[in-house]
Amino acid sequence: MEWSLGDLAGKVVVLKFWATWCGPCIAEFPHFVQLLEKYEDDDEVVFLTVATAGSPREGVAELLSENGYTFPVLLDDEGKAVDFEILGYPTTFFLDPDGLIQFRREGFDPDGYERQTAIRIDALRVGGGP
């Protein structure tokens, strides 16, 4: 299945790039799942993850299955993450409803993770608030 960010026009998009071999990426997932639960009834916000080249499909499937993760994962088999100039993992982009990247976060710090992410999401909403 192919995705286009254009299909998500009008929504705030949280786009997370990760890899199966990235320890901080794996450590971030429980926090990421909490965010998904917080925003699950919010149709203005979409969360997408991209498993980058070097993350085998089997490894991605195994990681998701072992941890009970059900969030959407796109597979970057062709290495398109290069287009986003990603220098390290995890890297998360926050796109406004017009599809423009407004924030970029590299790495993972558990301190204030959920709060900082919520601040960025709310800042990008149409009308600027929840």
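A residue is called partly exposed here when its relative accessible area falls between the buried class, under 20%, and the exposed class, over 50%. Glu106, with a relative accessible area of 45%, is therefore partly exposed. The model on your screen is a predicted one, and this tour starts from that residue.

**Stop one: Glu106 and its partner.** With Glu106 selected, add Arg104: the two form a salt bridge in which the closest N and O atoms are 2.8 Å apart. Arg104 has a relative accessibility of 34% and so counts as partly exposed. The structure holds 6 salt bridges, and some of the others come next.

**Stop two: Arg125.** Select Arg125 together with Glu44, and you will find a salt bridge whose closest N and O atoms lie 3.3 Å apart. Because Arg125 belongs to the segment after α3 (113-124) while Glu44 sits in the loop between α1 and β2, this pair ties together parts that are 81 residues apart in sequence. Colouring by accessibility separates the two partners, since Arg125, at 8% relative accessibility, counts as buried, whereas Glu44, at 37%, is partly exposed. Now add Asp122, whose side chain meets that of Arg125 in a salt bridge of 3.0 Å, N to O. With Asp42 selected as well, you have the network that salt bridges with shared partners make of Asp42, Glu44, Asp122 and Arg125.

**Stop three: the aromatic rings.** The structure holds 11 aromatic pairs. One of them joins Phe32 and Phe47, an edge-to-face arrangement with 5.7 Å from centre to centre and 85 degrees between the planes. Since Phe32 lies in helix α1 (residues 23-38) and Phe47 in strand β2 (residues 45-51), the pair ties together parts that are 15 residues apart in sequence. Both Phe32 and Phe47 are buried. Extend the selection to Trp18, Phe29, Tyr39, Tyr69 and Phe71, which ring pairs link with Phe32 and Phe47 into a cluster.

**Stop four: Phe94, Phe103 and Arg120.** Select Phe94 and Phe103, whose ring centres are 6.3 Å apart and whose planes stand at 80 degrees, so this pair is edge-to-face. Phe94 is buried, with a relative accessible area of 0%, while Phe103, at 29% relative accessibility, counts as partly exposed. Finally, add Arg120, which lies over the face of Phe103 at 5.7 Å from the ring centre. Phe103 thus appears in two contacts, edge-to-face with Phe94 and beneath the charge of Arg120.

Terms used: Residues numbered from 1 in each chain as written. Predicted model: local features only at pLDDT ≥ 70, side-chain atom pairs only at ≥ 80, totals over all residues. Heavy atoms only, no water. Phe/Tyr/Trp six-rings, centres within 6.5 Å; stacked < 30°, edge-to-face > 60°. Helix = DSSP H or I, 4+ residues; strand = E, 2+ residues; numbered from the N terminus. Buried < 20%, exposed > 50% of the residue type's maximum accessible area, 1.4 Å probe, protein only. Lys NZ or Arg CZ within 6 Å of the ring centre and 35° of its normal. Salt bridge = Lys/Arg side-chain N within 4 Å of Asp/Glu carboxyl O.
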